[in-house]
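Me: I'm new to this one. Can you walk me through some side-chain details?

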Amino acid sequence: MTSSSKKASTIGLVEVPALGLYDEEGHNWTALYRKNTLLSKQVLMADLQAGGFDAQLVNLKDGDCREPFGEVTWKGMNLTKAYVGGRIFDLDPEAYDAWGVTVNYTQERQVTCMTIAHLASKGKPVVVGGSDAIAEPQHYLKAGATAIVIDKSGAANWPIFDYVLGKTPRENLTGVILADGRYHPTRTKAMSPDEWALPSVEVARQCLGQEYSEEPFVEELVPIGSVYPDIGCDRKCDFCQTPTYTSGYRRMTPETTLKWIARQKEAGAKCTVMGSDQFLGRVLFPNGREEVLQITKGAREMGMPLLWPNGLELRKATLGRGRNYDSTDLTPDEELIEALWGWDGKVGGFLGYIPAERPVFGRESYAKLLPWQQHCEMMRAIVRVGLPVIIYGFIIGFPDDNHDSLLRLEEAILELHQQLREINPDLEFQVASYSISPIPGTPQGETIRKSGLLRFDDPSIVGGLWTPCCDTHQLSYEEISEWQFRLAQIGKAESKLINYHGGLTKLAVAS
């Protein structure tokens, strides 16, 4: 169904600039991702165009402006906050009939609020969505947002833009908070990714990523496309916002997923990021395992390598499919592992983020994790099928962390890394040792704030993966930071990747 208006209303969909935190030596302490695929913008732009709106991308991550806007003291350093990309105030607030802005991360909150205030300054409506806006909408309403979209599934998009543009909404408002305080709850049944409009070639092309363009090791895989084959998760991990979206777990069919992957190739992508919340959640459903095999086989047949930065839960790649019973069979599912992570030098799985979280001590916080012995067995199976790049991620800074527990963690990962390199001496293995953070709207976030261990409340620090904001019972946040960089050195000496974490120059120069 499309709008009945003869002239399509214009909507500027804004990708806000990246946030940098610069120390006195000029080193940046944030990932400063500026060239990533525009995953959610591709979905949103295609959906709004299918709804009869003239939706256009306004990418403020594209540009070389570095504009300071504040300061914060952290670890005894005076860090300058600066946004990097296109200049916010060069935008004409009246260039479009309405604006759409997405903010998923707390660290982007201040930059986003600056952008909203500017866009709203001439009276044009600004609709805001994304995880941080859902969790703490008051910041964005105060900045001038007309409406906050709290439905992640896409069901709210057409009626809310009808409404703010002064048209009769084609459906009742759902999943939004209005500036006057009115709240319209999400509808009972969320929209499925299978219902999302397939983007045009031009939309897909505008949303391609260039994040590895400076990496000689992977430059042949740039530009990078993106597909979001599912939303939601069957788990309810206390650190994650996904269970708060109320969408349940919904997935694209293999047929739809392969259409999206093919569209990325038409747009010029040489590989595709699978930006899933929980791709292997489908194995819990009848024929779900076969869906995984069908999707990965189809991508291989069209010559499209896949990157998995999220969504592949190791426990679900076992014969027990991730179920949490004492009797669950945790044997690796070799066929599934080959389908997901197998690499023949041209197609298959090229990069995998492995959500190890805390594989040794502290794993009781994450019921989805494998016991350490089975975890290592799974890792060896993944490397044997050829996956060339592993980003090994875990979180440190739990209240009970101390030097001894982190030393044992380091020893365990060093041993595992050595075992994996014996299987594949050319393996790219980078450690992502993220710091715990009170993510808004999560049980863990609430617990951290009540613990008395939180040292910062500035969103630029609290929302950062590389700027610890909490002490533990035995360690200061400064010591947690030192441990982050120490653990990040595992595998770095042998790596040909310059810096997986983008603009985090402090990590790149750490020794």
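Reply: Sure, we'll go through aromatic rings, charges over rings and one strand residue. Keep in mind that this is a predicted model.

Me: How many aromatic pairs are there?

Reply: The count comes to 14 aromatic pairs. Take Trp196 and Tyr228: their ring centres are 6.1 Å apart and the planes stand at 90 degrees, so this pair is edge-to-face.

Me: Where in the chain do Trp196 and Tyr228 sit?

Reply: In distant parts, 32 residues apart. Trp196 is in the loop between strand E10 (183-184) and helix H6 (201-206). Tyr228 is in the loop between strand E11 (224-227) and strand E12 (230-231).

Me: And are Trp196 and Tyr228 buried or exposed?

Reply: Both Trp196 and Tyr228 are buried.

Me: Which residues form an aromatic cluster?

Reply: Trp29, Trp74, Tyr434, Phe456, Trp466, Tyr477 and Phe485 make up one cluster.

Me: New topic. Which ring does Arg66 lie over?

Reply: Arg66 lies over the face of Tyr22. The distance to the ring centre is 3.7 Å.

Me: What about Arg251, which ring is under its charged end?

Reply: That of Phe285. The charged end of Arg251 is 4.6 Å from the centre of that ring.

Me: Switching again. Where is Thr10?

Reply: Thr10 is in strand E1, residues 10-15.

Me: Why does Thr10 count as buried?

Reply: Because its relative accessibility is 17%, and buried means under 20%.

Me: What does Thr10 touch?

Reply: Leaving out residues up to four places away in sequence, Thr10 touches Asp54, Ala95, Tyr96, Asp97 and Ala98.

How values were computed
Residues numbered from 1 in each chain as written. Predicted model: local features only at pLDDT ≥ 70, side-chain atom pairs only at ≥ 80, totals over all residues. Heavy atoms only, no water. Phe/Tyr/Trp six-rings, centres within 6.5 Å; stacked < 30°, edge-to-face > 60°. Helix = DSSP H or I, 4+ residues; strand = E, 2+ residues; numbered from the N terminus. Buried < 20%, exposed > 50% of the residue type's maximum accessible area, 1.4 Å probe, protein only. Lys NZ or Arg CZ within 6 Å of the ring centre and 35° of its normal. Contact = heavy atoms within 4.5 Å.
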